[in-house]
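Thanks for coming, everyone. I've got one structure to walk you through today, so let me put it up on the screen.

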Amino acid sequence: MIGAPDRSQRVAELEHALANGFPSESTVVVHADDASGRLTIQVSWVRVPADESAREWRCTVDLRFDPHVVERYAWLDEDDRLRVRTYLCDGARRAVDERKPRVEDDAIECNVALDITDTELDAALRAP
């Protein structure tokens, strides 16, 4: 008999993948909403300017998982979990790229929130 997967280990996989998908100075925070059962993994980072004339960038990505999506993910085999992580990281990076501020903006900030639903998980599993 195969035992139930370790949910905290599966969440740690997601955290690790997201942290590696963005600048090395990124910070990852996980928040579970007890009332809704929703899990949010937040990755944030600051890009420090290379020279004095440049400004720093502050970016945040929130992946908000519907309550049972993490459970579904936890039951997937290793190859499917890798496919999901790759899909989510690619989607998060694309979303950040789409929302990057213009250099002439006063504040260089980008904030992205993505809802990860059953539909998103299914799309990830169909991805090449």
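I'll start with the overall layout, then go through the sheet, the core, the disulfide and a couple of arginines.

First thing to keep in mind: this is a predicted model. The mean pLDDT of the chain is 84, with 83% of the residues reaching 70 or more. Confidence is highest in helix 4, at 95, and lowest in strand 1, at a mean of 82. The usual caution goes with that: where pLDDT is low, the predicted coordinates should not be read in detail.

OK, the layout. We've got four helices and four strands, and if you walk along the sequence the order is α-β-β-β-α-α-β-α. The chain has 128 residues, and 37% of them are buried. On the outside, there's an accessible surface of about 7800 Å², with carbon and sulfur atoms making up 48% of it. Now look at contacts with a separation of 6 or more: 58% of those link residues that sit 24 or more positions apart.

Let's go through the strands. Strand 1, residues 27-32, runs antiparallel to strand 2, and six bridges join the two. One pair to pick out there is Val30, whose bridge partner in strand 2 is Ile41. Between these two strands the hairpin has six residues, and Gly37 in that hairpin takes a positive phi near 80°.

Move on to strand 2 and strand 3. They are antiparallel as well, paired over nine bridges. Here Val43 has Val61 as its bridge partner in strand 3.

Then the direction changes: strand 3 and strand 4 are parallel, with eight bridges between them. And Val61 comes up again, since its bridge partner in strand 4 is Val112. So Val61 has a bridge partner in strand 2, Val43, and another in strand 4, Val112.

How covered is strand 3? Mostly covered, as it turns out, with seven of its nine residues buried.

That brings me to the core. Which residues touch the most other members of the largest nonpolar core? That would be Val61, Leu63 and Phe65, out of 30 residues in that core. At least two core residues come from each of helix 1, strand 2, strand 3, helix 2, helix 3, strand 4 and helix 4. Helix 3 gives the most, with six residues.

Take Phe65 as an example. Leaving out residues up to four places away in sequence, Phe65 touches Leu14, Arg38, Leu39, Ile41, Val70, Leu88 and Ile116.

Now the cysteines, for those of you who've been waiting for the chemistry. How many disulfides are there? The count is one, and it joins Cys59 to Cys110, with the sulfurs 2.2 Å apart. Cys59 is in strand 3 and Cys110 is in strand 4, so this pair ties together parts that are 51 residues apart in sequence. The torsion about the S-S bond is about 105°, so the disulfide is right-handed. Both Cys59 and Cys110 are buried. As for Cys89, is that one buried or exposed? Cys89 counts as buried, because its relative accessibility is 7% and the cut-off is under 20%.

Last stop, two arginines. Arg10 is found in helix 1. You might guess that a charged side chain would be out in the open, but Arg10 counts as buried because its relative accessibility is 13%. Beyond its neighbours within four places in sequence, Arg10 is in contact with Pro5, Tyr73, Ala74 and Arg81.

Arg64 is the other one, and you'll find it in strand 3. With a relative accessible area of 26%, Arg64 is partly exposed. Across from Arg64, in strand 2, stands Thr40. Thr40 also turns up among the contacts of Arg64 beyond four places in sequence, along with Arg38, Leu39, Ala113, Leu114, Asp115 and Ile116. One more distance for Arg64: its C-alpha is 9.6 Å from that of Ala32, and the two residues are 32 apart along the chain.

So, the bits to take away. Strand 3 pairs antiparallel with strand 2 and parallel with strand 4. Val61, Leu63 and Phe65 touch the most other members of the largest nonpolar core, and a disulfide joins Cys59 to Cys110. That's it from me.

Methods
Residues numbered from 1 in each chain as written. Heavy atoms only, no water. Buried < 20%, exposed > 50% of the residue type's maximum accessible area, 1.4 Å probe, protein only. Contact = heavy atoms within 4.5 Å. Areas by Shrake-Rupley, 256 points an atom, 1.4 Å probe, with all protein chains shown as cover. Disulfide = S-S within 2.5 Å. Core = buried A, V, L, I, M, F, W, Y, C linked by side-chain atoms within 4.5 Å. Pairing = 2+ DSSP bridges. pLDDT = per-residue confidence, 0-100.
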